[in-house]
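Here are some exercises to work through with the model open beside you. Try each task on your own before reading its solution.

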Amino acid sequence: MATANNVWSKGQQFYRHSVNVHMATRRFSENGDKGWFRSLFVHKVDARKDAHSNLLSKKETSNLYKIQFHNVKPECLEAYNSLEAEVQEKLHQDQDYPCEVVGSWNTWYGEQDQAVHLWRYRGGYPALTDCLQKLNNNKEYLEFRKERAKMLISRRNQLLLEFSFWNEPLPRPGPSIYEMRTYQLKPGTMIEWGNRWARAIKHRQENSEAVGGFFSQIGDLYIVHHLWAYENLQSREETRNSAWLKEGWDVNVYYTVPLIRSMESRIMIPSKSSPLQ
């Protein structure tokens, strides 16, 4: 009887051990399968080696850009444009100020009664600091700011760097309309955005529509601005549609859209004094 009980007990132990091994193996297999399946869809990103400002911006220049968005009282827009043009011309003529206006526009479609100005500081942050110090000691400029303040509802700005693979904005004779497409990216995606657009920009340069590409450094972060020039709205539609006929453009859109939190398009008309016409 004792012998029979011992055999029965050992049999139960063996059965329990077999079940435990089977369940453990099954769990391992399921986890392994899930891990393998998941690995097909999870994008693996290499560890960052440097700030994206160093990895994506142009090494051969030390240009810093400032973009200004001024919301103007509707009844003051014409006077504002005249005053702004006068001050910009004086700053251009004075070689003591290391800044230049790249372009000035009024928004046509988008936020109404808005002026947009893009400035370049050749020499980076030291040039910006030098320019601001000189302007703060310029009584004529301080009077201009007081007069301008009476015309404004609100204003904001950002400091930008230009993508290394985009054209540097140069004066254009025009006449053109300009589109500024602004993207707010998900944090941590700027490198992937730059890598994708570095390959895709060739699809948008055949008609010289690509003016400049920038990403923010100070102000709202993870912001990208792409600036395009077109003859008119019909030309814009045709140029954008033609990109879809080029091999690789659809792939760029497929991979960059998930990086975006929000996006905005402005159609802008250059001011009379703008170097970009």
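**Exercise 1. Find which residues of α5 are buried, and work out how they are arranged around the helix.**

Step 1. The buried residues of α5 are Y141, F144 and R148; buried means under 20% relative accessible area, exposed over 50%, and partly exposed in between, with a 1.4 Å probe and protein chains only. Helices are DSSP runs of H or I with at least four residues, strands are runs of E with at least two, and both are numbered from the N terminus.

Step 2. These residues lie on the same side of α5, because they cover an arc of only 55 degrees around the axis. The arc is taken from the directions from the helix axis to the C-beta atoms.

Step 3. Turn to the face away from this buried side, and you meet the exposed residues K139 and K146.

Step 4. The cover over the buried residues includes β1, α3, α4 and β4, where contact means heavy atoms within 4.5 Å.

Step 5. Finish at the start of α5: a side-chain oxygen of N138 comes to within 3.0 Å of the backbone nitrogen of E140.

A word on the source: this is a predicted model, in which local features need pLDDT of at least 70 and side-chain atom pairs count only at pLDDT 80 or more, while totals for chains, interfaces and linings use all residues. Residues are numbered from 1 along each chain as its sequence is written, and side-chain values use heavy atoms, with hydrogens and water left out.

**Exercise 2. Compare the reach of α4 with its expected span, then locate its buried residues.**

Step 1. Helix α4 covers residues 124–136, which is 13 residues, and reaches 19 Å from its first C-alpha to its last, close to the 18 Å expected at 1.5 Å a residue. The expected span is 1.5 Å times one less than the number of residues.

Step 2. Its buried residues are G124, A127, L128, C131 and L135. Seen down the axis of α4, they fall within an arc of 100 degrees, so they line one face of the helix.

Step 3. Their packing partners are β1 (63–72), α3 (77–93), β3 (114–122), α5 (139–149) and β4 (152–162).

**Exercise 3. Describe the surroundings of strand β7.**

Step 1. β7 (residues 223–230) is mostly covered, with eight of its eight residues buried. On one side these are I223, H225, L227 and A229, and on the other V224, H226, W228 and Y230.

Step 2. Look for its partners, remembering that two strands pair if DSSP finds at least two bridges between them. β5 (residues 177–185) runs antiparallel to β7 and is joined to it by eight bridges; here Y178 stands opposite A229.

Step 3. β6 (residues 210–218) is also antiparallel to β7, with five bridges, and G212 stands opposite L227.

Step 4. The hairpin of β6 and β7 has four residues between the strands, and G219 there takes a positive phi near 110 degrees.

**Exercise 4. Trace the polar contacts of the buried residues S104 and Q114.**

Step 1. S104 is in strand β2 (residues 100–109) and counts as buried because its relative accessibility is 2%.

Step 2. Its side chain makes a polar contact of 2.9 Å with that of Q88. A polar contact is a pair of N or O atoms within 3.5 Å; within protein, one must be able to donate a hydrogen and the other to accept it, and residues adjacent in sequence count only if both atoms are side-chain atoms.

Step 3. Q114 lies in β3 and is buried, with a relative accessible area of 1%. Its side chain makes polar contacts with the side chains of N71 (3.1 Å) and E111 (3.3 Å).

**Exercise 5. Which residues touch the most other members of the largest nonpolar core?**

Step 1. A nonpolar core is a set of buried Ala, Val, Leu, Ile, Met, Phe, Trp, Tyr and Cys residues joined through side-chain atoms within 4.5 Å.

Step 2. The largest one has 47 residues, and Y121, F163, W193, W197 and V224 touch the most other members.

Step 3. A second, separate core of 16 residues includes F69, W105, F214 and L227.
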